[in-house]
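Hi everyone, thanks for making time for this. Please bring the structure up on your screens, and we'll walk through it together.

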Amino acid sequence: MKTILLFILDKFADWEAAYLSSAVNMLGRGEFSVKTVSLTKEPVTSIGGFRTVPDFGLDTVPEDYEALILIGGMSWRTPEARGVSAFAESCAKKGKLLGGICDASAFLGTLGLLNNVPHTSNDPNDLKQWAGEAYVGEKLYIHKQAVRGGNIVTANGTAALEFAKEVLLAVGLAPENKINEWYNFHKLGYYCAAMPDMR
C-alpha cells in the first residue's frame, strides 16, 4: 500500500484536501491510502469546522510514504508551522513527491524549495515578500492554477481540483485517461462531462 500523507495544521482549508483524498480512495485501486499528519496527534479544526484527529504527529510519521502534501489554510505563517520545515526538506531531499497548495505553496518558497523548479502560488509578490532571501526562483514562477515541476507540485488556493489532478498524475495513481476523465467530470459538471454534445 502506497501512502499519501496530507499535512494539516489548525485552520486548514478542508476543500483543498477533499478532491485529492476522495480521488485517492476512489481511483487508487486499493493500492494507495491517505493518512493525515500534523505537528502532534492532537485534533485540528478546519476553516469549515471539521474536527480531525491526525493519524500521525511529526514524532510518529512513517518512513515509508509516496508523497507529502501540505494543505493550505490560515496557519502556515505562524511560528508553529516552522516545525514542518525539516520534514518537508527531508521529503524533497529524498526525491519524494512534495506538494503545497495556497499558503502552503508559499511556505515551500520560504524553505528555498521552489528556486529550481517551475512553480506557482497565490501571488508572486507575496511569495517574494514572505520568503525573502530564501526565494530566488521568481523567473520560474508560472501564472497557472497548478504547476508540476520535477517532484514538486504547487497550486493557488482556488485550484483544489487542478492540484489534485497534478498530484494524481505525478504518483501514477491511475492511468492518465482515467485521471483526466475524473478531472473533466468534476471540472465540467455532470451534464457536460457525461453528455459532451450538451456543451
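I'll go through the sheet, one strand in it, a threonine, the charged pairs, two loop residues and the cysteines.

One thing to keep in mind throughout: this is a predicted model.

Let's begin with the sheet. It is an open sheet of six strands, in the order β2-β1-β5-β6-β8-β7, and the pairing is mixed. The edge positions belong to β2 and β7, each of which has a single partner strand, so one side of each has no neighbour in the sheet. Going from one strand to the next, the twist averages 15°.

Two helices to find against it. Helix α2, residues 85–93, packs on the sheet and touches β1, β5 and β6. The direction of α2 makes about 135° with that of β6. Helix α5, residues 160–171, lies across β1, β2, β5, β6, β7 and β8, and runs at about 180° to β6.

Now please zoom in on β8, residues 152–155. As a reminder, strands of a sheet pair through backbone hydrogen bonds, either parallel or antiparallel. Here you can see both kinds around one strand. With β6, residues 97–101, strand β8 runs parallel, and four bridges join the two. With β7, residues 146–149, strand β8 runs antiparallel, again through four bridges.

Who sits opposite whom? Leu 98 stands opposite Ile 152. Val 153 is the bridge partner of Gly 99, and Val 153 is also the bridge partner of Arg 148. Between β7 and β8 there is a hairpin with two residues between the strands, and Gly 150 there takes a positive phi near 60°.

What about the side chains of β8? In a regular strand they alternate between the two faces of the sheet. In β8, Ile 152 and Thr 154 point one way, Val 153 and Ala 155 point the other way, and all are buried.

Thr 154 deserves a closer look. How accessible is Thr 154? Its relative accessibility is 0%, so Thr 154 counts as buried. Where does the side chain of Thr 154 reach? It goes to the backbone nitrogen of Thr 120, at 2.8 Å. Leaving out residues up to four places away in sequence, Thr 154 touches a list of residues including Gly 100, Ser 105, Leu 108, His 119, Val 147 and Phe 163.

On to charges. Side chains of opposite charge can pair when their charged atoms come close. The structure holds seven salt bridges, and I'd like to show you a few of them.

Please find Arg 77, in the loop between β5 and α2. The side chain of Arg 77 meets that of Asp 103 in a salt bridge, 2.9 Å from N to O. Asp 103 belongs to helix α3, residues 103–110, and the pair links distant parts of the chain, 26 residues apart. Arg 77 also forms a salt bridge with Asp 126, at 2.5 Å from N to O. Asp 126 is in helix α4, residues 124–131, and these two partners are 49 residues apart. Salt bridges that share partners therefore join Arg 77, Asp 103 and Asp 126 into one network. As for accessibility, Arg 77 is partly exposed at 40%, Asp 103 is buried at 12%, and Asp 126 is partly exposed at 25%.

Another salt bridge is between Glu 31 and Arg 29, at 3.9 Å from N to O. Glu 31 is partly exposed, with 39% relative accessibility, and Arg 29 is partly exposed too, at 48%.

Stay with Arg 29 for a moment, because its backbone is worth a look as well. Most residues other than glycine have a negative phi. Arg 29, in the loop between α1 and β2, has a positive phi of about 55° although it is not a glycine. Lys 11 has a positive phi too, about 65°. You'll find Lys 11 in the loop between β1 and α1, partly exposed at 43%.

Last stop: the cysteines. How many disulfides are there? The count is zero. Why is Cys 102 not bonded to Cys 91? The sulfur of Cys 102 is 19 Å from that of Cys 91, its closest cysteine sulfur, and that is too far for a bond. Cys 91 is buried at 0% relative accessible area, and Cys 102 is buried at 15%.

That's the tour; thanks for listening!

Conventions
Residues numbered from 1 in each chain as written. Predicted model: local features only at pLDDT ≥ 70, side-chain atom pairs only at ≥ 80, totals over all residues. Heavy atoms only, no water. Disulfide = S-S within 2.5 Å. Buried < 20%, exposed > 50% of the residue type's maximum accessible area, 1.4 Å probe, protein only. Pairing = 2+ DSSP bridges. Axes fitted to C-alpha atoms, helices over the stretch in contact; angles between N-to-C directions. Contact = heavy atoms within 4.5 Å. Polar contact = N/O pair within 3.5 Å; in protein donor to acceptor, adjacent residues only side chain to side chain. Salt bridge = Lys/Arg side-chain N within 4 Å of Asp/Glu carboxyl O.
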